Protein chains: 2
Amino acid sequence: MREEKKKRLEAKGWKVGDAKEFLSLSDEEEAYIELKLRLAERLRERRRHRRLTQVDLARMVKSSQSRVAKMEAGDPSVSIDLLVRSLLALGTTNRELSKIISSSRIA
Amino acid sequence: MREEKKKRLEAKGWKVGDAKEFLSLSDEEEAYIELKLRLAERLRERRRHRRLTQVDLARMVKSSQSRVAKMEAGDPSVSIDLLVRSLLALGTTNRELSKIISSSRIA
DNA sequence: GACGATTATGTCTAATGTGACATATACTTT
DNA sequence: AAAGTATATGTCACATTAGACATAATCGTC
């Protein structure tokens, strides 16, 4: 794993594995994090495209503005579940969802 | 929503909305549940294809046999996060993951 | 049909994710 | 540059999901 990428993830608040296995982020773990970040990016894009504020979206999914902000920031405290449900609430189809996923860096 | 489908989901232990809005499962909610069930199905397929027991898979993802059973049963108590991480642990690529999602009934 | 292996179901406590709130920071418009 | 709007960040009490364990049900194989 690239030093560069590790820094990037850590900057976002991710704890990348334990201290001992600091340098060896497993493939699954990496793919999982990348997936979340990708969903996060797209969520923001979709919301903006719809010209909605974070408050608007928060209402739609019965959440809060701060949680939406964290979703879009790829905060480790948000689950894929919430991301997916938010995307679905924005009218994202499964077809589009699948495109988002397949476009993740780690093929 | 079809009576048939509602029964099917309820049989799996899902609480389909509140009592009042019993008949009107929102599109997002339905899509979300369908997605989980689809991931669950594929997880089982993949595990069996690899000729692994639930105990084996549990070890691989540092979980327990009962949780794997619940994953595959589409139990409401399991998150998409866990399903996805398990699929990734089985070597599922993003490309395949995306196929699973796009093949969900609700396009 | 007993035995061994696998899977299903229920229930605990601990860990993680949640909405809500407060508040800081960044953007826009005037 | 102040006011107004939008987003970011930190914290907390509460809810949900987690792994673990026990035990029941199911499935071959003998």
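**Exercise 1. Work out how much area is buried between chain A and chain B, and what the contact is made of.**

Step 1. Start with the area: chain A and chain B bury about 1900 Å² between them, and carbon and sulfur atoms give 62% of that. Keep in mind that this is a predicted model.

Step 2. Find the main contributors. On the chain A side, Y32(A), D81(A) and N94(A) supply 29% of the area buried against chain B, more than any other three residues.

Step 3. Place the contact on the fold. The side of chain A that touches chain B draws at least two residues from each of α2, α5 (80-89) and α6 (94-102) of chain A.

Step 4. Sort that side by class: 11 residues are nonpolar, six are polar and four are charged.

Step 5. Look for specific pairs. The rule finds zero salt bridges across the interface of chain A and chain B, but it does turn up five residue pairs in polar contact, with both residues at pLDDT 80 or more.

**Exercise 2. Determine which rotation and shift superpose chain A on chain B, and whether the copies meet through the same surface or not.**

Step 1. Run the superposition: a rotation of 180° with 0.0 Å of shift along its axis puts chain A on chain B, at an RMSD of 0.0 Å.

Step 2. Read off the symmetry. The two copies are thus related as by a two-fold rotation axis.

Step 3. Find the residue of chain A closest to that axis: it's S98(A), whose C-alpha sits at 2.1 Å.

Step 4. Compare the two sides. Chain A gives 21 residues to the contact and chain B gives 21 residues. Since 100% of the interface residues of chain A are also interface residues in chain B, the copies meet through the same surface.

**Exercise 3. Describe the protein surface around DNA strand D.**

Step 1. Collect the neighbours. There are 19 residues around DNA strand D, and the closest are Q54(A), S66(B), R67(B), S77(B) and S79(B).

Step 2. See which part of the DNA is involved. Of the atoms of DNA strand D that come within 4 Å of the protein, sugar and phosphate make up 49%.

Step 3. Go through some polar atom pairs. A polar side-chain atom of S63(B) is 2.8 Å from a phosphate oxygen of DNA strand D, and a polar backbone atom of S77(B) is 2.7 Å from a phosphate oxygen of that strand. On the base side, S64(B) has a polar side-chain atom 3.2 Å from a base nitrogen.

Step 4. Map the surface onto helices. Two or more residues come from each of α2 (27-49) and α4 (65-73) of chain A, and from α4 (65-73) of chain B. The largest share, four residues, belongs to α4(A).

Step 5. Finish with the classes: four nonpolar, nine polar and six charged residues.

**Exercise 4. Repeat the analysis for DNA strand C.**

Step 1. Of the 19 residues around DNA strand C, the nearest are S63(A), S66(A), R67(A), S79(A) and Q54(B). Sugar and phosphate account for 49% of the strand's atoms within 4 Å of the protein.

Step 2. Check base pairings with the protein: a base nitrogen of DNA strand C lies 3.3 Å from a side-chain N or O atom of S64(A), and a polar side-chain atom of R67(A) lies 3.1 Å from a base nitrogen.

Step 3. Turn to the phosphates, where R47(B) brings a polar side-chain atom to 2.9 Å from a phosphate oxygen of DNA strand C.

Step 4. Assign the elements. Here α4 of chain A, along with α2 (27-49) and α4 of chain B, give two or more residues each, and α4(B) has the largest share, with four residues.

Conventions:
Residues are numbered from 1 along each chain as its sequence is written. Chains are lettered from A and ligands numbered from 1 in the order in which they are written. This is a predicted model: local features need pLDDT of at least 70, side-chain atom pairs count only at pLDDT 80 or more; totals for chains, interfaces and linings use all residues. Side-chain values use heavy atoms; hydrogens and water are left out. Copies are superposed by least squares on the C-alpha atoms of residues with pLDDT of at least 70 in both. Contact means heavy atoms within 4.5 Å. A residue is near a molecule or strand if one of its heavy atoms lies within 4 Å of it. A polar contact is a pair of N or O atoms within 3.5 Å; within protein, one must be able to donate a hydrogen and the other to accept it, and residues adjacent in sequence count only if both atoms are side-chain atoms. Ala, Val, Leu, Ile, Met, Phe, Trp, Tyr, Cys and Pro count as nonpolar, Asp, Glu, Lys and Arg as charged, and the others, Gly among them, as polar. Buried area is the accessible area (1.4 Å probe) that two parts lose on being put together, summed over both. A salt bridge is a side-chain nitrogen of Lys or Arg within 4 Å of a carboxyl oxygen of Asp or Glu.
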